[in-house]
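Biologist: Can you put the model up? I have some questions about the ligand site and a helix beside my notes.

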Amino acid sequence: MISRYTHLIDLNDHPVSWWNGLLSLAQEIRNNPALYANSCRGRIMGTLFYEPSTRTQMSFQTAMLRLGGTIIGFDNPQTSSVAKGENLKDTTKIVSGYSDVLVIRHPTVGAAKAAARTAECPVINAGDGGHLHPTQTLTDLLTLKCEKGTLSGLTIGLCGDLLNGRTVHSLCKAMSCYPDNHFIMISTKELKMPSYIKDIIRAHGGTFEETHSLEDAIPKLDMLYMTRIQRERFASIEEYEAQKDTYILTTKKMKLGKPDMIVLHPLPRVDEIEVAVDDDPRALYFKQAKYGMYIRMALILTMLQSTKQTELLTGQQYPGISCKNPKCITQAEPYLPKSFTGSGTTLTCEYCDERLLLEH
Ligand code: NCD
C-alpha cells in the first residue's frame, strides 16, 4: 500500500542520506534560528499523545512554534472522543484533515503505521508502545554528531530495559547503518534486546556483545546510553519490582569510564542515574533534550516540503492468519488488514515486526 505522503514511522524506511540531511539542517537551524522563524507560518501541526510525554511533546510543540507555525491536539485522550470509544482510524482521519503534519504517540505497537494508512497528511511516529521512537533517535544522532563529531567507529553501551525500551531499539537500528559501530548491551536476562534487533545489527555487518555487568562494560565505551525500566510495559508490578534498581549509574562507576565517554539518556530518569552524576561534564542528557528541539524543527520543515510517497504495507494477507503479539495494534483495531512480509513458515507482522511461525 502506497501513501501519497512522506511519513516517518521507522527511520530505516528512509535512506541514511535523508537522516544526514536532517542532521545538517538541524545544525544550520541551531546556528541561525532567526532565519527559520517564519518558515512554517500558516501551517498547523496536530499532536495526538495517547501516552504521557514531556520532552517529545513539548519539543515538537516548541519546534513548530519556533518555525512560526501553530499546533492543535490532545495530550490526554480521556478529554477527547477517544473516551467515547472512537477508534484510531477515525480520530486520525479527522485530525489529519485539520493539520499539515500529524505527530502521534500511542501505547500500542504499530499504531503510528496504522494511523498513517488513512491519514490525510504526513504522520510522524513519536513512540509506538515498546517498539520504535525514531525522533528520539534523530535527537541521539544529532547529539552524537555534535558532541563526538562522528557517527562511526563508536563503542556504544546500552543499559537498562532493552526489551521494552523503544529508544534503544530505534537507536541500534540506526547506528548499525553507520560503519564500524560496536554495541555492548547491558541488561538482565529478562530484559535483553529483542532478537529481531540483533538480527538487523548482524545484517548490517555490525557487532555486539551482551553482558549483565555495567562495571565491566563502562571502561570500553565511547557513549553510555542509560534507560529506565519501563514500568508501564510489565504484565505485573511484581515483575517490575524484580527488575527495578538493578542498574544505577553512580559517580563511583563514572570513574571507570574514559575521560571522553559521554552519557546520554532519553529521559525521564527514575533512579538509574544518581543525581550527583549530573555535575560530571560527560553527563549530556539535559543538553541532548535541547538537541531534540532542533532536530524536530528540521524534521517538520523537511516533511512539510517533501512530496515523496511512502510505501506503508508491502507484504501480503493470508486468509485466517493474524499476528499473535498481544501488544500489536492489529489486536486492538480489528478492521486493519493483517499484512505480513516473509514467506514459507516464517512471516513478519508489518505493524509490530513480531515473527509468526506457521505450522504446516
Ligand atoms: C522515552 C520514551 O517515551 O520512550 N522518552 C522520551 O521520549 N524522551 C523514554 C522513556 O519513556 O523511558
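Modeller: What follows goes through the ligand, then two helix residues. This is a predicted model, where local features need pLDDT of at least 70, side-chain atom pairs count only at pLDDT 80 or more, and totals for chains, interfaces and linings use all residues. Residues are numbered from 1 along each chain as its sequence is written, and side-chain values use heavy atoms, leaving out hydrogens and water.

Biologist: Which residues surround the ligand?

Modeller: Among them are T56, R105, H133, Q136, R228 and L267, each with a heavy atom within 4 Å of the ligand.

Biologist: What does the side chain of R105 do there?

Modeller: An N or O atom in the R105 side chain is 3.0 Å from a ligand oxygen. A ligand nitrogen lies 2.9 Å from a backbone N or O atom of L267. The protein buries 94% of the 320 Å² that the ligand exposes when taken alone (Shrake-Rupley method, 1.4 Å probe).

Biologist: Switching topic. Where is D140?

Modeller: D140 sits in helix α5, residues 134–148 (a DSSP run of H or I, at least four residues).

Biologist: Is D140 buried or exposed?

Modeller: D140 is buried (under 20% relative accessible area, 1.4 Å probe, protein chains only). D140 has no salt bridge (a Lys or Arg side-chain nitrogen within 4 Å of an Asp or Glu carboxyl oxygen). The nearest side chain of opposite charge, R296, is 8.0 Å away.

Biologist: And which residues does T137 touch?

Modeller: Not counting residues up to four places away in sequence, T137 touches L11, T167, S170, L171 and A174 (heavy atoms within 4.5 Å). T137 also lies in helix α5.

How values were computed: Helices (H or I, at least four residues) and strands (E, at least two) are DSSP runs, numbered from the N terminus. Buried means under 20% relative accessible area, exposed over 50%, partly exposed in between (1.4 Å probe, protein chains only). Lys and Arg count as positive and Asp and Glu as negative; His and the chain ends are not counted. A polar contact is a pair of N or O atoms within 3.5 Å; within protein, one must be able to donate a hydrogen and the other to accept it, and residues adjacent in sequence count only if both atoms are side-chain atoms.
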